[in-house]
Amino acid sequence: MLTRLRRWPVAVRMLVSALVLVLVILPLAGALLAWNFRQTVSQSFDERLLSFLNVVIAGIEFDPQTGELTPGSQLGDPRFERAYSGWYWQVNDNSGQVITSRSLWDQRLPQVSGRGPDWVDVPGPREQRLRLVERDVQLPAFDGWLSVSVAADLSEVDTQVARFNRLLGISLTTLGVLLLLMIGLQIRWGLAPLRRLEQDLRAMEAGRARSLTTDLPDELAKLADAMNQVLQRDQVLIDRGRTAAGNLAHALKTPVSVLTTLSDKLPDEQRTAFRTELARIDDAVRHHLARASAAGPAALGGVDLAGALEPVLSALGTLAGRRGLVLDPHINGSGMVRFEQQDLQEIAGNLLENAINWAGNRVSFSARLGVEGLELVIEDDGPGLSADDIEQALTRGARLDESRSGSGLGLAIVKELVELYGGNLDLGPSPLGGLRAKAIFPV
């Protein structure tokens with residue numbers, strides 16, 4: 001699990017972090033706003049109730065002659081006059097006399113102990129949830145205390161809070177979506193230089209560019225410049241190595257040729273053994289120098305397919321004509337391929353030369369470049385090879401016919417070069433009657 005998390009793309013990590021932040025911060029902010037709004041509405045509601053309570057208290061009159069309590073004028077709110085409207089007032093004296101608003105009808109509000117003002121939530125006449133405020137007061141000429149209370153339905157508060165919460169939820173959801181969109185655009189814009197850097201690397205890998213662009217933000221421009229210097233230094237080292245390998249090959253050819261010539265002066269038995277060892281030395285030198293001179297896919301860049309194959313097809317076409325053979329070349333598709341030119345020519349040249357050496361009348365060459373990769377197919381109408389011969393032919397230094405010239409390194413070198421480029425070399429029977437060699441290089 002941790003390994004997969006470490007491999008998450010940077011953009012995904014930033015989006016997930018932003019999503020977690022939005023899902024945590026916005027709900028907390030919404031809950032805090034909703035709580036504050038409810039507290040404000042409740043406080044305002046309580047203040048209204050207290051104002052109505054003071055109006056009720058101010059309007060109460062006591063007649064000492066009759067001993068009756070009478071309410072004052074109306075409170076100015078018709079809900080106190082409508083039966084079971086949810087807005088009520090009530091006055092109790094210590095003798096059990098009760099006067100109420102018209103809205104309370106035949107019901108009574110519960111009394112709260114204490115001098116007040118006291119606020120409590122109580123059930124109403126029709127299972128309404130009421131907010132009640134009560135205060136005990138004394139009137140002139142009245143012996144005792146009066147308990148005065150006003151109550152109102154809390155559904156008004158709940159309705160306001162529910163409407164606010166609904167609007168708050170819609171607003172916060174919209175804000176969260178907009179924030180995520182803006183963060184996504186910000187991430188995309190911020191990572192755009194990295195994508196350009198990746199595209200440049202892909203272009204270099206495919207051979208469409210020779211260096212990374214430095215038209216980037218300062219931080220990435222310095223990185224691209226440093227990478228260009230490293231790539232240029234590596235290319236110089238590769239070129240030096242290939243040049244040194246070629247120079248070494250030329251330097252060793254002369255001594256080996258001289259020793260071969262000098263061996264003619266030796267007795268027959270010694271000459272045969274001497275030349276055998278010289279041949280082994282020559283084969284080993286050619287094999288390892290061929291491998292050392294191959295750049296392989298580490299060399300960034302590429303060559304034009306048709307342009308790289310043209311000199312090989314031209315030279316070997318001339319050779320085939322001298323031997324009375326027909327060379328039929330076909331190149332399907334054009335464009336850059338990620339090859340070092342010398343390596344591509346080495347592969348095609350060795351396979352073609354081998355086919356020309358064994359063909360009877362005709363050699364076919366085809367190169368096909370497509371979205372899946374590069375495919376080279378060389379066929380001849382020669383005697384072909386059995387399965388055992390194919391395995392032996394791919395062995396370094398093995399020769400199937402000692403009477404023919406050659407060192408037996410051609411197919412072995414081709415196989416190693418093909419594998420060096422991540423490809424596959426397949427030998428099998430050809431429809432022409434001889435051998436078919438197919439080299440496939442994936443994209």
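The following paragraphs describe the overall make-up of a predicted model, then its two open sheets and the helices that pack on them.

In this predicted model, the protein contains nine helices and 14 strands. Of its 443 residues, 35% are buried, and the accessible surface of the protein comes to about 26000 Å², with 55% of that area belonging to carbon and sulfur atoms. Among the contacts in the protein with a separation of 6 or more, 58% are accounted for by residues 24 or more positions apart.

One part of the chain carries an annotation from a record: UniProt, in an unreviewed entry, lists residues 167-187 under "transmembrane region". In the model this span is 100% helix and 0% strand, and its end C-alpha atoms lie 30 Å apart. A residue within the annotated range, G176, has its C-alpha atom separated by 8.1 Å from that of L23, although the two residues are 153 residues apart along the chain. L23 itself is found in helix 2, and L23 counts as exposed because its relative accessible area is 56%, which lies over the 50% limit used for that class.

Helix 2 also bears on the first sheet to be described. This is an open sheet of five strands, arranged in the order 4-3-7-6-5 with antiparallel pairing. Its edge strands are strand 4 (98-100) and strand 5 (118-123), each of which pairs on one side only. Between neighbouring strands of this sheet the average turn is 25°, with direction ignored. Helix 2, comprising residues 10-59, packs on the sheet and touches strand 3, strand 5, strand 6 (129-137) and strand 7, its direction making about 45° with that of strand 6. At one side of the sheet, strand 3 (residues 87-92) and strand 4 pair in the antiparallel sense over three bridges, and within this pairing Q90 has T100 in strand 4 as its bridge partner.

Strand 7 (residues 146-153) includes S149, a residue that serves to illustrate the surroundings of this strand. S149 counts as buried because its relative accessibility is 2%, the limit for burial being under 20%. Leaving aside neighbours within four places in sequence, the contacts of S149 are with L53, Y88, W89, Q90, L109, L132, V133 and E134. Q90, one of these contacts, is also the residue bridged to T100 in strand 4.

A second open sheet is likewise formed by five strands, here in the order 9-11-12-14-13, and its pairing is mixed. Strand 9 and strand 13 (424-429) are the edge strands, each pairing on one side only, and the twist from one strand to the next averages 10°. Strand 9 (residues 326-332) and strand 11 (residues 362-370) run parallel and are joined by seven bridges; across this pairing L327 stands opposite V363 in strand 11, and P329 stands opposite F365. On its way to strand 12 (residues 373-380), the chain leaves strand 11 through a hairpin of two residues, and strand 11 and strand 12 pair in the antiparallel sense over eight bridges. F365 takes part here as well, with I378 in strand 12 as its bridge partner, so that F365 is placed opposite P329 and bridged to I378 in the two pairings of strand 11.

Two helices lie across this second sheet. Helix 6 (residues 305-322) lies across strand 9, strand 11 and strand 12, and runs at about 170° to strand 9. Helix 7 (residues 341-358) lies across strand 9, strand 11, strand 12, strand 13 and strand 14 (435-442), running at about 20° to strand 12. The length of helix 7 agrees with expectation, because its 18 residues should span 26 Å at 1.5 Å a residue and its end C-alpha atoms are 26 Å apart. The buried residues of helix 7 are D343, L344, I347, A348, G349, N350, L351, L352, A355 and I356. In an α-helix there are 3.6 residues a turn, so residues three or four places apart point the same way.

How values were computed. Residues are numbered from 1 along each chain as its sequence is written. This is a predicted model: local features need pLDDT of at least 70, side-chain atom pairs count only at pLDDT 80 or more; totals for chains, interfaces and linings use all residues. Side-chain values use heavy atoms; hydrogens and water are left out. UniProt positions are given in the numbering used here, feature names are shortened, and annotations may be inferred rather than shown by experiment. Helices (H or I, at least four residues) and strands (E, at least two) are DSSP runs, numbered from the N terminus. Buried means under 20% relative accessible area, exposed over 50%, partly exposed in between (1.4 Å probe, protein chains only). Contact means heavy atoms within 4.5 Å. Accessible areas come from the Shrake-Rupley method with a 1.4 Å probe; for residues, only the protein chains shown count as cover. Two strands pair if DSSP finds at least two bridges between them. Axes are lines fitted to C-alpha atoms, for helices over the stretch in contact, and angles run from 0 to 180 degrees between N-to-C directions. The expected span of a helix is 1.5 Å times one less than its number of residues.
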